[in-house]
Amino acid sequence: MHVVMASSEVVPYAKTGGLADVVGALPRALRRLGLEVSIVMPAYRSITRERFGIRPTGWTLAVPVSHQTITAGVVRGDLDGVPVYFIEADRYFARAGLYGTADGDYLDNAERFAFFGRAVLALMPRLGTPDVLHCHDWQTALAPVFLHADARRYPELASLRTVLTVHNLGYQGLFWHFDWHLLNLDWRYFTPDWLEFYGKINYLKGGLVCADALTTVSPTYAAEIQNPEFGCGLEGVLVARRAVLTGILNGVDYDEWSPEHDQYIAARYTVEDPAGKAACKADLQAAFQLPQEPTTPLIGIVSRLADQKGFDLIAEVAPQLLRKRLQVVVLGSGDATYQELLTGLAQRFKAHLAIRVAFDNALAHKIEAGSDMFLMPSRYEPCGLNQIYSLRYGTIPVVRATGGLQDSIVDVDEHAGHGTGFKFAAYTGSALLGCVDRALATYRRPQMWKALMQNAMRQDFSWDRSAETYTALYRQLSTASSAA
């Protein structure tokens, strides 16, 4: 079986979020299970041939966009044995950013990713007509649409089955209807049953309607997005297609995120010998210029500073939280309101709060290793990865019970002595404070806290388990295709 992954970003080549981590790790796990896997992504300007050992294929693709045909090149790299094909088109991808600049999204993103969807399909015959095309998020969601609605253009792909994974339903690829000509589709597809969405073109909706199978990144999120609170206007489409919708929890790459061999932390440690965590805590306190207090509980946050991540709750309770005997370190950037608020609070509570407004991978590792707890009070969280990283580092998650946070964390039962973290349900500041208080009370019981750390560090969220579920889905689709 040959599966092709199409994505707008893949670690280590290009990344803005968790999507890149998933598409960088899942293909390698599938390959370990015996599948043939390839990856297709744009050839961004930042992806240099010398650094990544990229070489030419000699292939060119003729890609229709509106009333013209764009010629694209194809070059190839290798990701631990998985071939990665880069679509070269300087007019679309030779830019500083993936989707935009600090001033906003690129104005031609509708054209850029309509082109990419067509280019992915144009590449398929070169790869021997794979069995499954697995698309990720709105940037690739048009590929199943084109395959379904413009099938006459792709007769050699009649047996190709498609999967679309939604990593975050909040990002849909919405464009005004004047861009319709870019898609080369009949206007009958610009209707509420297809791609039309309140007068706009919705790329993700098209993929949800047309793909053979739909997945999202946790079972709870798959259920949540079928309701108005989390459905972002697409809950009706998802309910209509719930028979082909599956929630598969993301895995994590323990080669990168494990205290046993983390290159960024002050001391390595294991569940059998956790002594090095104390040195990591001291190193983290020094990095943020906090008092060197080994017994003071230290809470870490690595996040985009946004409402979705629960920063409205944090803002509401911060003064009360910071008057407790604890320390908080924050790494992230985002909403200017939260950046300014937290920076101001750090000046006011210098012994209790420190913030670094940045993206810093090395510092993120130090926070995972050096913190006692990790806070994720998200309004919604399709999967989340940091809470899973935290488990392996013995850094106890304090999370809201939503999406992947609900699926990956078992709430601590202080009486029975089992669990892996602390969860709260109501999206309120008081519920958040109450959950932190539970964690602090347990932290003051050293033997129970040690047992909790051991429970957490023994959890296994490697990609192999998730890859087996994806493999079963692919085989089901392939079998159905063969029967047809």
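Helix α4 crosses helix α5 in a right-handed sense (right-handed if the near helix is turned clockwise from the far one by less than a right angle, left-handed if anticlockwise). The model is predicted, so local features need pLDDT of at least 70 and side-chain atom pairs count only at pLDDT 80 or more, while totals for chains, interfaces and linings use all residues. Residues are numbered from 1 along each chain as its sequence is written, and side-chain values use heavy atoms, with hydrogens and water left out.

**Helix pair**

The axes of α4 (residues 109-123) and α5 (residues 142-149) lie 8 Å apart and make an angle of about 60°. Axes are lines fitted to C-alpha atoms, for helices over the stretch in contact, and angles run from 0 to 180 degrees between N-to-C directions. Helices (H or I, at least four residues) and strands (E, at least two) are DSSP runs, numbered from the N terminus. On the α4 side, Phe113, Ala114, Gly117, Arg118 and Leu121 meet Leu142, Ala143, Phe146 and Leu147 of α5 (contact: heavy atoms within 4.5 Å). By class, this contact has seven nonpolar residues, one polar and one charged. Here Ala, Val, Leu, Ile, Met, Phe, Trp, Tyr, Cys and Pro count as nonpolar, Asp, Glu, Lys and Arg as charged, and the others, Gly among them, as polar.

**Sheet**

An open sheet of nine strands has the order β3-β4-β5-β2-β1-β8-β9-β13-β14, with mixed pairing (two strands pair if DSSP finds at least two bridges between them). At its edges are β3 (55-65) and β14 (245-247), each paired on one side only. The average turn between neighbouring strands is 25°, direction ignored. Within the sheet, β2 (residues 36-42) and β5 (residues 82-88) run parallel and are joined by four bridges. Methionine 41 has phenylalanine 86 in β5 as its bridge partner. Helix α6 (residues 203-210) packs on the sheet, where it touches β9 (161-166) and β13 (213-216), and its direction makes about 135° with that of β9.

**Cavities and a pocket**

Two cavities of 30 Å³ or more are present. On a 1 Å grid over the protein atoms alone, a cavity is a set of points where a 1.4 Å probe fits but cannot get out; a pocket is an open set with protein on both sides within 12 Å along at least five of seven lines, and lining residues have an atom within 4 Å of a point. Grid points are joined across faces, edges and corners, and a volume is the space filled by probe spheres set on the points.

| Space | Volume | Element giving the most lining residues |
|---|---|---|
| Largest cavity | About 80 Å³ | α11, four residues |
| Second largest cavity | About 60 Å³ | β18, three residues |
| Second largest pocket | About 360 Å³ | α10, five residues |

The lining of the largest cavity has 11 nonpolar residues and no polar or charged ones; among them are Ile301, Ile314, Ala318, Val328 and Leu375. The second largest cavity is lined by residues including Ile301, Ser303, Lys309, Ile314, Leu375 and Glu381. By class, that lining has eight nonpolar, two polar and two charged residues.

The second largest pocket is lined by 16 residues, of which Ala278, Lys281, Pro294, Asp372 and Tyr443 are the closest to its centre. Elements giving two or more residues to this pocket lining are α10 (276-287) and α17 (446-457). The pocket lining divides into nine nonpolar, three polar and four charged residues.
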